[in-house]
Amino acid sequence: MTDTERPSYLRGAAILGAAAVVAKIIGALFKIPLYNLLSDEATGDFNITYNVYALLLTISYAGIPVAMSRLVSTSRTLGNTRQMRKYFRVALPAFSVVGIAVSLVMFIFAGQFAALMEDPNAVYGIRMLSPAVFLCCVISVYEGYFQGHGDMLPTAVKQLIEVTSKLLFGLVIAWLLIRGGAPDEKVASGAITGVVFGLAIALPVLIGYKRRAKREPLAGTARSNLGTLASILKVSVPITLGASFMSIMALLDSKVVMSRLQSASGAGFDLDTARGMFGVYAQCLTLYNLMPSLITAVTISVVPAISAAIAAKRRSEAR
């Protein structure tokens, strides 16, 4: 790796790593008081909702930033700035449509998802969280574009905005609902709306960041819209399939736990008791996610560096 690229790669990893640590600290400041505010039953509803959301989000979102990062970095290295811009112009409307479609599925079929997870009370949270899928799909295009330029700062800023908004809006809304005597399931759905507020705030920030970015002169030739979209899907679909595995396992785990807690051949608890016990179980899983978030910071930073090296036929550097 050259002297100019090594600091860029390390700086990107450091920025995202620092943002991940700060985000986890803020996340703890959100989760600890939230779990003390919510009953165990509401905590169970909260986490069931997140597991449904995580799977649908992964299916619609996971491969987009990596694909954009890799393809934009390659085109930029080859000096084909026309194709580099084409990736963004094609991806933004295409994945906006995907996001709208999945958000509608999540909203319309919220009752079915909740019933599938053996927790009918999660329906409110699933509906409240449905717009977040659309927002994430749009944001991911911007993130991937910036990452393809080796600029990890917008992604870090987005993470911090998202987690801070979740802390502020989520806790305040949950507290207000509790003060108003709302039932557990509606308190849980109110607490989860902080995610939507955070993404809604982050999106215009990223749009403004891109508008202020220095434009590179157009050079090279661009493929057709269909060819450009096919290139993005060729990279993003395998990544999505791989990333979906963990979300599917988490969803199945939640389904099995809730089912066995309520089954006559299992523990035989009623719904409210099962919700409460699942809420206690879910609280124990929170710390597990810290290390993967730090590893992700390195992998996000290294993808465009490797792609650029391969595009320039610098194989030893890529290795």
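Here are some notes to help you find your way around this predicted model.

1. A good place to begin is with the charged pairs. The structure holds four salt bridges, and three of them are described in the points below.

2. Start with Lys255 and Glu118, which form a salt bridge whose closest N and O atoms lie 2.8 Å apart. This pair ties together distant parts of the chain, with the two positions 137 residues apart. Lys255 belongs to helix H10 (residues 225-262), while Glu118 sits in the loop that runs between helix H5 (110-116) and helix H6 (123-129). Are these two residues buried, exposed or partly exposed? Lys255 counts as partly exposed because its relative accessibility is 24%, and Glu118 is partly exposed too, with a relative accessible area of 24%.

3. Next, have a look at Lys158, which meets the side chain of Glu143 in a salt bridge at 3.9 Å, N to O. Here again distant parts of the chain are linked: Lys158 is in helix H8 (residues 153-179) and Glu143 is in helix H7 (residues 131-148), 15 residues apart. Both Lys158 and Glu143 are buried.

4. Lys158 also forms a salt bridge with Glu162, and in this case the closest N and O atoms are 3.2 Å apart. How far apart are Lys158 and Glu162 in helix H8? They are four residues apart, so about one helical turn separates them. Glu162 is buried, as is Lys158. Taken together, Glu143, Lys158 and Glu162 make up a linked network of salt bridges.

5. Now turn to the way two helices pack. Helix H4 (residues 81-108) and H10 meet at an angle of about 80°, and their axes are 9 Å apart. The angle therefore makes H4 roughly perpendicular to H10. On the H4 side you will find Gln83, Lys86, Tyr87, Val90, Ala91, Ala94 and Phe95, and these meet Asn225, Thr228, Leu229, Ser231, Ile232 and Leu233 of H10. By type, the residues of this contact divide into eight nonpolar, four polar and one charged.

6. Asn80 is worth a stop as well. Its place is in the loop between helix H3 (63-77) and H4. Is Asn80 buried or exposed? Asn80 counts as buried because its relative accessibility is 18%, and buried means under 20%. Setting aside neighbours within four places in sequence, Asn80 is in contact with Ser75, Ala219, Gly220 and Thr221.

7. The nonpolar interior comes next. In soluble globular proteins, nonpolar side chains tend to be buried together. The largest nonpolar core in this model has 67 residues. Which of its residues touch the most other members? They are Leu34, Phe46, Tyr53, Met68, Leu129, Leu199 and Ile232. Ile232 is also one of the H10 residues that meet H4.

8. For a closer view of one core residue, try Leu129. Not counting residues up to four places away in sequence, Leu129 touches Thr49, Tyr53, Met106, Ile192, Val195 and Val196. Tyr53 is itself among the core residues that touch the most other members.

9. Finally, find Val138 in helix H7. With a relative accessibility of 7%, Val138 counts as buried. Its C-alpha atom is separated by 10.0 Å from that of Leu199, although the two residues are 61 residues apart along the chain. Leaving aside neighbours within four places in sequence, Val138 is in contact with Leu92, Ser96 and Leu203.

Key
Residues are numbered from 1 along each chain as its sequence is written. This is a predicted model: local features need pLDDT of at least 70, side-chain atom pairs count only at pLDDT 80 or more; totals for chains, interfaces and linings use all residues. Side-chain values use heavy atoms; hydrogens and water are left out. Buried means under 20% relative accessible area, exposed over 50%, partly exposed in between (1.4 Å probe, protein chains only). Axes are lines fitted to C-alpha atoms, for helices over the stretch in contact, and angles run from 0 to 180 degrees between N-to-C directions. Angles under 35 degrees count as roughly parallel, over 145 as roughly antiparallel, 65 to 115 as roughly perpendicular and the rest as oblique. Contact means heavy atoms within 4.5 Å. Ala, Val, Leu, Ile, Met, Phe, Trp, Tyr, Cys and Pro count as nonpolar, Asp, Glu, Lys and Arg as charged, and the others, Gly among them, as polar. A nonpolar core is a set of buried Ala, Val, Leu, Ile, Met, Phe, Trp, Tyr and Cys residues joined through side-chain atoms within 4.5 Å.
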